[in-house]
Amino acid sequence: MSRFLVALTALAFVAACDDVIVTSAPTDTSAPTTVAAPTEVPDELRTRQQSARAFAEVVQRVEPVAERECRARTRNVNCDFKILVDDRAGVPANAFQTLDDDGRPIIVFTQSLIDDARNVDELAFVMGHEAAHHVRGHIARQRENAAAGAVIFGGLATAIGGDPQAAQRIGAQVGARTYSKDFELEADALGTILTARAGYDPVRGSQFFNRIPDPGDRFLGTHPPNAQRLEIVRRTAAAL
């Protein structure tokens, strides 16, 4: 394997080491990220029954707001959100947005995330954040970045006599992660707006960032530092 492909493989390995973390105006990533010391958030959802009722309430209030904002901010995009719960035992706390074969946006919460949430505001903020990924078109933009990375890396490998197919695979991985931190901050900002318009407190909801591992600012990491995300939420909420 050429030194070029060794380097590409190393980049892909770094990119693949990220933890999966539950993951408007232009994002200013140069803004200061110093935040106040986290305060303890009381657990208001102590039982599975309380969490289930809270989640049902959040779906009822956030989903129509997300669909309305989606239709107002996009063109020719399916805005009929479907909310699902992954209740398999042992699945870690997580939430994500995807699309079905017809392009319908799907938001999935794992049961463990619902159980871990301490109040309705946290559930609402996570749902608003995931809905914002769809409204901002992040899946399509990520695919475009992956395709561009595959073309660039494949061309470079061909030019130096390397394996273009292996380089394309690595380039797609690197390309898909190139702007992922910006996407998360964009979703935090728009998610803040959706959460507030549904009648919840996005600043209070974003406090769950204080209870998850901080990814820091790792090279090609998929998530920005928690402090930066909290600052984006606070600044966006203050402007509403």
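This is a short tour of a predicted model, moving from the whole chain to one helix, one disulfide and one threonine.

**Whole chain**

Start with everything shown as a cartoon. The chain holds nine helices and three strands. Followed along the sequence, these elements come in the order α-α-β-β-β-α-α-α-α-α-α-α. Switch to a surface: its accessible area is about 12100 Å², and carbon and sulfur atoms make up 54% of that. Of the 240 residues, 47% are buried.

**Helix H2**

Select residues 48–73, which form helix H2. How far apart are the end C-alpha atoms of H2? They are 36 Å apart. The expected span for 26 residues at 1.5 Å a residue is 38 Å, so the two values agree. Now centre on Val 62, where H2 has a kink of about 25 degrees. The proline Pro 64 follows shortly after that kink.

Next, show the side chains of H2. Its buried residues include Ser 51, Ala 54, Phe 55, Val 58, Val 59 and Val 62. Further along H2, Val 65, Ala 66, Glu 67, Glu 69 and Cys 70 are buried as well. An α-helix has 3.6 residues a turn, so residues three or four places apart point the same way. To see what covers the buried residues of H2, add strands S1 (82–86) and S3 (105–110), which are part of the cover. Helices H3 (111–116), H4 (120–135) and H7 (180–197) also contribute to it.

**The disulfide**

Stay on Cys 70, one of the buried residues of H2, and add Cys 79. The two are joined by a disulfide, with an S to S distance of 2.1 Å. A search of the whole structure finds one disulfide. Check the torsion about the S-S bond: at -70 degrees, the link of Cys 70 and Cys 79 is left-handed. Are the two cysteines buried or exposed? Cys 70 has a relative accessible area of 0% and is buried. Cys 79 has 4%, and because the cut-off for buried is under 20%, Cys 79 is buried too.

**Thr 195**

Finish by selecting Thr 195, which lies in helix H7. With a relative accessible area of 0%, Thr 195 is buried. Which backbone oxygen does the side chain of Thr 195 reach? It is that of Gly 191, at 2.7 Å. Then display the contacts of Thr 195, leaving out residues up to four places away in sequence: Ala 124, Phe 125, Gly 128, Tyr 200, Asp 201 and Pro 202.

Technical notes: Residues are numbered from 1 along each chain as its sequence is written. This is a predicted model: local features need pLDDT of at least 70, side-chain atom pairs count only at pLDDT 80 or more; totals for chains, interfaces and linings use all residues. Side-chain values use heavy atoms; hydrogens and water are left out. A disulfide is a pair of cysteine sulfur atoms within 2.5 Å. Buried means under 20% relative accessible area, exposed over 50%, partly exposed in between (1.4 Å probe, protein chains only). Helices (H or I, at least four residues) and strands (E, at least two) are DSSP runs, numbered from the N terminus. Accessible areas come from the Shrake-Rupley method with a 1.4 Å probe; for residues, only the protein chains shown count as cover. The expected span of a helix is 1.5 Å times one less than its number of residues. The bend at a residue is the angle between axes fitted to the seven residues ending there and the seven starting there. Contact means heavy atoms within 4.5 Å. A polar contact is a pair of N or O atoms within 3.5 Å; within protein, one must be able to donate a hydrogen and the other to accept it, and residues adjacent in sequence count only if both atoms are side-chain atoms.
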